[in-house]
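Reader: I have just opened my first protein model and would like to talk about its pockets. Could you walk me through them?
Author: Happy to! Let us look together.

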Amino acid sequence: MEKFARQALLEGITELGDLIVTRDCALFQILNVHYNKGNDFEVPDGFLDVASLTLQEFFSAVRAGRDLDPSWKKPIYKIISKLDSEIPDVFKSSNCPKEFTQD
C-alpha cells in the first residue's frame, strides 16, 4: 500500500477519489496472489472497498508528511481494523482445503 501511495504522489495524483482499487489493477493482483495464492475463492467486493480506503489513508498520510513519525502506520491500521468483517464459516471448517478443490 505504501509503495502504491508513494507512486501515486509521484504521478501527480491529488484527489483521493482517483485512488480506487479494482480487480484489474496491479495492486489488486499483488494482494490476490499474496492472500489467495491458488485463486481458490472469489474475492468479495467489500475487499476492494477496504483496499481502496487503505490506499487512500496511506496516500493521505504520506502526502501530509506523517510518514516521518516512526509509528505513522498505527493510526491507519486502527481505521482499517474497524472495517474487518466476520470470517465466513467455510474458512472455519476442518474440511476447508477440501472445499476449495471441489467443483
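Reader: How do the residues lining the second largest pocket divide into nonpolar, polar and charged?
Author: Keep in mind that this is a predicted model. The lining of that second largest pocket has ten nonpolar residues, one polar and three charged.

Reader: What makes Phe-4, Ala-8, Leu-19, Leu-27 and Leu-55 stand out in the second largest pocket?
Author: Among the 14 residues that line this pocket, those five are the closest to its centre. Phe, Ala and Leu count as nonpolar, so each of the five falls in that class.

Reader: Which elements give two or more residues to this second lining?
Author: They are α1 (2–10) and α2, and α1 gives the most, with four residues. The space in this second largest pocket is about 210 Å³.

Reader: What is the volume of the largest pocket?
Author: About 890 Å³.

Reader: Why do residues such as Pro-44 count as lining the largest pocket?
Author: A lining residue has an atom within 4 Å of a pocket point, and 27 residues line this pocket, so Pro-44, as one of them, has such an atom. Along with Phe-47, Val-50, Asp-84 and Ser-85, Pro-44 lies nearest the centre.

Reader: Which helix gives the most to that lining?
Author: That is α3, with six residues. The elements α2 (26–35), α3 (45–63) and α4 (74–81) each supply at least two.

Reader: And how many nonpolar, polar and charged residues does the largest pocket's lining have?
Author: There are 17 nonpolar, six polar and four charged residues. Asp counts as charged, so Asp-84 belongs to the charged group.

Key:
Residues numbered from 1 in each chain as written. Predicted model: local features only at pLDDT ≥ 70, side-chain atom pairs only at ≥ 80, totals over all residues. Heavy atoms only, no water. 1 Å grid on protein atoms, 1.4 Å probe; cavity = no way out; pocket = protein on both sides within 12 Å on 5 of 7 lines; lining within 4 Å. Points joined across faces, edges and corners; volume = space filled by probe spheres on them.
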